[in-house]
Structures are given as structure tokens and as C-alpha cells.
Amino acid sequence: MLRIGLLTSGGDCQALNATMRGIVKTIIRQSKGPVEIYGFLDGYHGLIHSKFLQMTWADFSNIHTQGGTILGTSRTPFKLLDTPEADGVNKVAAMKQTYYKLQIDCLFMLGGNGSTKTANRLREEGLNVIALPKTIDNDTWGTDITFGFTSAIDVATTFIDEIKTTASSHGRVFVIEIMGHRVGWIPLHAGVAGGADVILLPEIPYEMKNVIEAIERREAAGGRFAIVAVAEGAISKKEAALPKKEYKKIVAERKYSVAYDIANEIAERTGREVRVGVPGHTQRGGAPDAQDRIFAVQCGVEAARGCLEGTYGFMVAKVNNKMCRVPLKEVAGKLKYVDPKSDLVREAKFMGISFGDE
Ligand code: F6P
């Protein structure tokens with residue numbers, strides 16, 4: 001008998017179900033004996049409070065087109081892992097208790113950075129854990145790509161495309177806020193795909209005078225409208241030079257978000273009509289695109305193979321187009337940032353897209 005547990009943790013994304021299907025189908029197809037499947041509800045919460053479903057092959061059949069997660073998810077901040085729950089429950093001890101009570105052989109955890117830190121902690125506590133790199137943000141260290149990322153790029157790109165027609169009719173500047181608080185993978189890719197004139201990322205601090213110049217350049221060249229793609233975590237050079245604490249205070253005191261501040265400043269300094277568009281959580285919504293589904297299968301199969309071989313404590317990854325396994329202890333606590341000197345940034349700059357830095 002092989003007993004596996006599955007959970008989805010943190011912000012959801014489009015290919016969670018497709019990935020779980022990949023794991024379960026492979027395990028059932030390749031396992032020598034019977035398999036018991038436990039699906040923990042709402043992320044680590046289900047493991048802590050022993051809330052789970054006993055599931056079968058049928059639960060995972062044909063779910064690869066379905067967005068969200070059939071198990072539900074929640075955020076269990078890593079920094080609060082050793083803080084007892086409101087009812088006094090010790091989270092780590094409770095997770096171990098559920099795991100041992102159900103005699104789980106392997107726990108599959110589909111999650112991003114914080115969730116992977118928790119998975120690593122469970123590994124240190126002696127549990128057999130395999131992590132799968134979920135997040136629209138694509139900021140997981142150790143893998144070139146995460147599932148959810150390409151679908152989110154598509155949503156954000158379509159949003160820019162659709163704004164352009166109205167922006168053009170009215171001759172307006174649109175500031176479009178794209179997800180990414182600490183990293184700018186989605187705004188970079190959607191900005192390039194959507195033909196933004198300016199892209200502002202957390203990794204490349206901007207100066208407003210450069211942003212204004214780019215907008216004016218476009219106007220002088222005959223462009224009726226302009227698109228400024230702004231990451232949630234876009235940061236000015238001045239802000240980047242501040243001590244972290246002071247910058248955090250600015251962010252906390254913002255009435256709305258950085259996109260609105262940038263839009264107001266553009267309006268003041270150019271006299272143009274400026275509007276803000278926010279695709280928000282639609283970037284995590286809807287069905288996964290074909291690329292995410294394919295990667296979901298690859299992740300599911302690699303994770304299942306590890307389990308069947310009795311190898312644990314790793315995250316599945318894709319590096320240089322090859323599936324591989326990265327030790328959880330190497331992944332935990334690191335982020336993968338956009339390299340300001342990367343090819344895509346260079347190419348975008350070369351064709352005239354401004355990142356506000358020069
Ligand atoms: O981690 C994915 C993500 O969508 C980020 O891009 C975004 O900054 C954040 O989650 C939003 O979090 P929440 O769903 O808690 O509002």
C-alpha cells in the first residue's frame with residue numbers, strides 16, 4: 001500500500017489541478033500495489049487540523065482545464081509557523097501528527113516560496129515531502145519556470161491589448177498595474193507581449209523624468225496613446241535608496257497603490273488624460289493555457305517518479321528545458337529575480353521600451 005497526501009498552498013494559480021492530475025495518474029499507473037490518496041483542504045490548514053478528503057482516480061480525471069484548486073488553498077505564513085494557532089495548537093506538531101496518523105508515505109506540496117520554506121521545515125522534521133513549483137510570479141529559485149506563469153502572462157497581455165483600443169480612441173495614457181510585489185516577471189513579459197511603451201519593475205528602479213520623456217517621445221512620434229506597465233512593487237530610485245523600514249512605511253501609507261501614484265504624477269507633469277487599469281486577481285483566474293498544462297504534466301510525472309523511487313526532500317524544476325530535482329534545503333528562502341541585464345530587458349530597451357532607469 002502506498003499512501004500519498006496532496007496539498008495546494010499560498011495564492012492559487014491556473015495549473016494546480018492539472019499538476020495534481022499529473023501526479024495522481026502517474027502514481028496510480030506506475031505503482032506496483034494499491035494507492036490511497038489524501039487531499040488536504042485549504043493548504044497546510046488541512047494538514048494542521050486534519051481536514052482532508054480521501055480521494056480516488058476519478059476525482060482527478062479531466063480536471064486539467066479547470067483553474068483554481070479542487071482542494072482549496074490558504075496562506076500559512078512561514079514566519080508564524082512556530083506561533084501557536086488561536087486555539088493553542090502547535091502547527092508543526094499537529095502537521096506531523098496528521099501525517100503519521102494517516103501513515104502517509106509521501107506528501108506532495110504544490111506551492112510558492114513561503115510554502116516551500118514550510119515544506120523544507122517538514123523535511124527537517126523527518127517527513128517525506130516533494131514540492132512542486134507553483135506561482136504566477138515565476139519567482140521560485142532553482143527552476144527556470146513555475147506553473148501558472150504563462151497563463152498569467154496571457155491574461156495580463158490580453159488586458160493590455162483590450163485597453164489599447166479605448167486608450168487610442170481617447171488619446172489617453174494608461175497605467176496598467178500587473179502582479180509582482182517583489183519580482184517583475186509577469187509585467188516584463190506581458191509588457192513586451194502587449195507592446196507597452198514603459199515597463200516598471202521592482203528590480204529596475206525608475207526615475208519619473210525618464211518615464212515622462214518616454215511618453216513624450218511617443219507622442220512626438222505620432223502615438224495617440226501610451227501604455228505604462230507597472231509591477232505592484234515598482235520602485236523609484238529615490239525609494240530604493242531609502243532604508244527598508246522607511247520604504248515600507250511609504251508603501252503602507254499609500255492610499256491606493258503605486259500605479260495610482262505614478263498615474264497622478266504623469267497627469268500632473270504632462271497634462272495628459274491618464275487612467276489606471278488593474279487586471280488584479282484575474283491574472284490568477286480562469287483555465288491554464290496549453291504551455292502550463294504541459295509543464296503541469298512534466299512536474300506531476302517527475303514528482304511521482306521521485307515518490308515511486310523513494311526519493312524525497314526535493315522540488316521538481318525545469319532548468320535549461322530539462323526536468324530535474326533541486327534539494328528543498330537549497331530552494332528554501334531564496335527568490336528568483338529578473339536580471340536587469342537579461343536578454344529580454346536588453347532587447348526591449350533596444351527597440352525603444354523604457355524601463356525608466358535611463
Ligand atoms: O503570489 C501570487 C500573487 O498573486 C502575487 O502576484 C500578488 O502580489 C499576491 O499574490 C496577491 O495576494 P492575495 O491573493 O493575497 O491578494
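In this talk, contact means heavy atoms within 4.5 Å. With that in mind, good morning; the structure shown above is a predicted model.

Let me begin with a single residue, asparagine 113. In the list of its contacts, residues up to four places away in sequence are left out, and what remains is Asp139, Thr140, Trp141, Lys334 and Leu335. Asparagine 113 belongs to helix H5, which covers residues 113-124. Is this residue buried or exposed? Its relative accessible area is 17%, and because buried means under 20%, asparagine 113 counts as buried. One of its neighbours deserves a second look: the side chains of asparagine 113 and aspartate 139 are joined by a polar contact of 2.9 Å.

Proline 133 offers another view of the interior. This residue lies in strand E5, residues 129-133, and is buried, with a relative accessible area of 0%. With residues up to four places away in sequence again set aside, proline 133 touches Gly111, Thr140, Thr143, Ile145, Thr146, Phe147, Cys299, Met315 and Val316. Thr140 is thus among the contacts of proline 133, and it is also among those of asparagine 113. For a sense of scale, the C-alpha atoms of proline 133 and glycine 277 are separated by 29 Å, and the two residues are 144 apart along the chain.

I now turn to the chain as a whole. Its division gives domain 1, made of 2-147 + 288-331, and domain 2, made of 150-284. The centres of the two domains, taken over C-alpha atoms, are separated by 34 Å. To the contact between them, domain 1 gives 14 residues and domain 2 gives 13 residues.

Next, two helices. How far apart are the end C-alpha atoms of helix H12, residues 290-309? They are 29 Å apart, and the 20 residues, at 1.5 Å a residue, should span 28 Å, so the two values agree. At the N-terminal end, aspartate 289 caps H12, with a side-chain oxygen 3.3 Å from the backbone nitrogen of glutamine 291. Just beyond the helix, glycine 310 takes a positive phi of about 80 degrees. The buried residues of H12 include Phe295, Cys299, Ala303 and Cys307. To read such a list, recall that an α-helix has 3.6 residues a turn, so residues three or four places apart point the same way. Cys299 has appeared before, among the contacts of proline 133.

Why is helix H7, residues 185-194, described as largely enclosed by the rest of the structure? The reason is that seven of its 10 residues are buried. These are Trp185, Ile186, Pro187, Leu188, Ala190, Gly191 and Gly194. They pack against helix H6 (149-170), strand E6 (173-178), strand E7 (198-200), strand E8 (226-231) and helix H14 (343-350). Just after H7, glycine 195 takes a positive phi of about 75 degrees.

In the segment after H14 we find serine 354. At 7% relative accessibility, serine 354 is buried. Beyond the residues up to four places away in sequence, it touches Asp197, Val198, Ile199, Asn210, Ala214 and Arg217.

My last topic is the aromatic rings. A pair of aromatic rings is described by the distance of the centres and the angle of the planes. The count of aromatic pairs in this model comes to four. One of them is formed by tyrosine 38 and phenylalanine 52; it is edge-to-face, at 5.5 Å centre to centre and 80 degrees between the planes. This pair links distant parts of the chain, since tyrosine 38 is in strand E2 (residues 35-40) and phenylalanine 52 is in strand E3 (residues 52-55), 14 residues apart. Tyrosine 38 is buried, at 7% relative accessibility, whereas phenylalanine 52 is partly exposed, at 28%. Ring pairs also bring in Phe40, which forms a cluster with Tyr38 and Phe52.

How is the pair of tyrosine 256 and tyrosine 260 arranged? The ring centres lie 5.3 Å apart and the planes stand at 45 degrees, so this pair is tilted. Tyrosine 256 is exposed, at 57% relative accessibility, and tyrosine 260 is partly exposed, at 31%.

Charged side chains also meet rings in this model. The charged end of arginine 218 sits over the ring of phenylalanine 225, 4.6 Å from the ring centre. Lysine 336 lies over the face of tryptophan 185, at 5.3 Å from the ring centre. Tryptophan 185 takes us back to helix H7, where it is one of the buried residues.

Thank you for your attention.

How values were computed: Residues numbered from 1 in each chain as written. Predicted model: local features only at pLDDT ≥ 70, side-chain atom pairs only at ≥ 80, totals over all residues. Heavy atoms only, no water. Helix = DSSP H or I, 4+ residues; strand = E, 2+ residues; numbered from the N terminus. Buried < 20%, exposed > 50% of the residue type's maximum accessible area, 1.4 Å probe, protein only. Polar contact = N/O pair within 3.5 Å; in protein donor to acceptor, adjacent residues only side chain to side chain. Phe/Tyr/Trp six-rings, centres within 6.5 Å; stacked < 30°, edge-to-face > 60°. Lys NZ or Arg CZ within 6 Å of the ring centre and 35° of its normal. Expected span 1.5 Å × (residues − 1). Domains from an automatic or database assignment.
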